[in-house]
Amino acid sequence: MTELAAVKAALKSQAIETPSWAYGNSGTRFKVFAQPGVPRTPQEKLDDAARVHAHTGVAPTVALHIPWDRVDDYAALATHAKERGLRLGAINSNVFQDDDYKLGSVCNPDAKVRRKALDHLLECVDIMDATGSRDLKLWFADGTNYPGQDDIRSRQDRLAEALQAVYERLGDDQRMLLEYKFFEPAFYATDVPDWGTAYAHCLKLGEKAQVVVDTGHHAPGTNIEFIVALLLRESKLGAFDFNSRFYADDDLMVGAADPFQLFRIMYEVIRGGGLTPEVAFMLDQCHNIEAKIPAIIRSVMNVQEATVKALLVDPDALAAAQAAGDVLESNAVLMDAYNTDVRPLLAEVREELGIDPDPMAAYRRSGWAEKIVAERVGGEQAGWGA
């Protein structure tokens, strides 16, 4: 296989999971701006996701969030997805939107609250059984706001106990993905604040426990690609939550703020052998002021562009420059790949996949935006917290 053919093959096999919540209304803590045509049910979210996949060719799975996507029949929901050329992806738990969780969920000092949170996590595994989902994604808002509010070590013990109980419930082909976030909403001490904490818990649990890297969950200036490289080296990188940020965790479109960072991350993914189904490439974004479906299509395209640029890095030239200690040439090899206009190549790949070479233009011509505005009248739109 030629080098170009190998690059094309890698792009055609890439899969980027979209999140159900990105299709609903969202906003900041100040205001949620509603848009016409927004889905009212999990089924309508899947209908929109099918449009993204139809125009990109690489978005075949949709992550669910429970209870936001709760239905009476999850097998039927999986069938609805299959009929639209999709599969249900990661199941995301929610132990942060309940009054009982004011002082934490699985780390709460109250055993009754901890039991309630654990029951929800186990319910999510039941849902995985019904949907055929492989991954359970866990993010905890747990933490403390004041010194002395709770015992830091005891909270880690409670966390470990809950994670162990969930781990033991997983099936042979299921995984636990543990996400970290360095602050918010707990501002003194967050219980899973960084990759090291997540890694330590996952290492103790076993092979079915993996770390999630959310690109918005780091302090300014953090070298995320270093974290990616290390976790891949240790076989503990399970998934990404791709987004972009200008401050803290604002879940904007991936590649919007720093496309060069996304390229650097994807280079380390490829360098570490992570461009496989074993690493889930998921979007975790909220489209507050931009149209939902085009924003998700653009986000998928941004990941594709960063991926192909990373695939174009000349590994032999880079290794030779690094071995020679040639700092400028080493950097130039990376920059040559990053500065390549890869849009014509991606257009070729899309044509070979049998889809329009310009996904954004194809969506605009499809009439789907006008269709959903006309048809989705009445009912309650999906949105933040629903």
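Begin by selecting Cys 107 in this predicted model, and look for the closest cysteine sulfur to its own, which belongs to Cys 202 and lies 14 Å away, too far for a bond. Since a disulfide calls for sulfur atoms within 2.5 Å, it is no surprise to learn that a search of the whole structure finds 0 disulfides. While Cys 107 is still selected, notice that this residue counts as buried, because its relative accessibility is 1%.

Select Cys 202 next, where the view is reversed: the closest cysteine sulfur is the one in Cys 107, at 14 Å, again too far for a bond. Cys 202 also counts as buried, with a relative accessibility of 0%.

Now turn to the largest nonpolar core, which has 87 residues, and select Phe 140, Phe 240 and Phe 242, the members that touch the most others within it. In soluble globular proteins, nonpolar side chains tend to be buried together. Keep Phe 242 selected and show its surroundings: setting aside neighbours within four places in sequence, Phe 242 is in contact with residues including Thr 215, Val 254, Leu 262 and Met 266, as well as the run of Phe 281, Met 282, Leu 283, Asp 284 and Gln 285.

For the last stop, select helix H2, which covers residues 42–56, and pick out His 55 within it. Is His 55 buried or exposed? His 55 counts as buried, because its relative accessibility is 10%, under the 20% cut-off. Apart from residues up to four places away in sequence, His 55 touches Ile 297, Ile 355, Pro 359, Ala 362, Tyr 363 and Ser 366, which can be displayed together to complete the view.

Key:
Residues are numbered from 1 along each chain as its sequence is written. This is a predicted model: local features need pLDDT of at least 70, side-chain atom pairs count only at pLDDT 80 or more; totals for chains, interfaces and linings use all residues. Side-chain values use heavy atoms; hydrogens and water are left out. Helices (H or I, at least four residues) and strands (E, at least two) are DSSP runs, numbered from the N terminus. Buried means under 20% relative accessible area, exposed over 50%, partly exposed in between (1.4 Å probe, protein chains only). Contact means heavy atoms within 4.5 Å. A nonpolar core is a set of buried Ala, Val, Leu, Ile, Met, Phe, Trp, Tyr and Cys residues joined through side-chain atoms within 4.5 Å.
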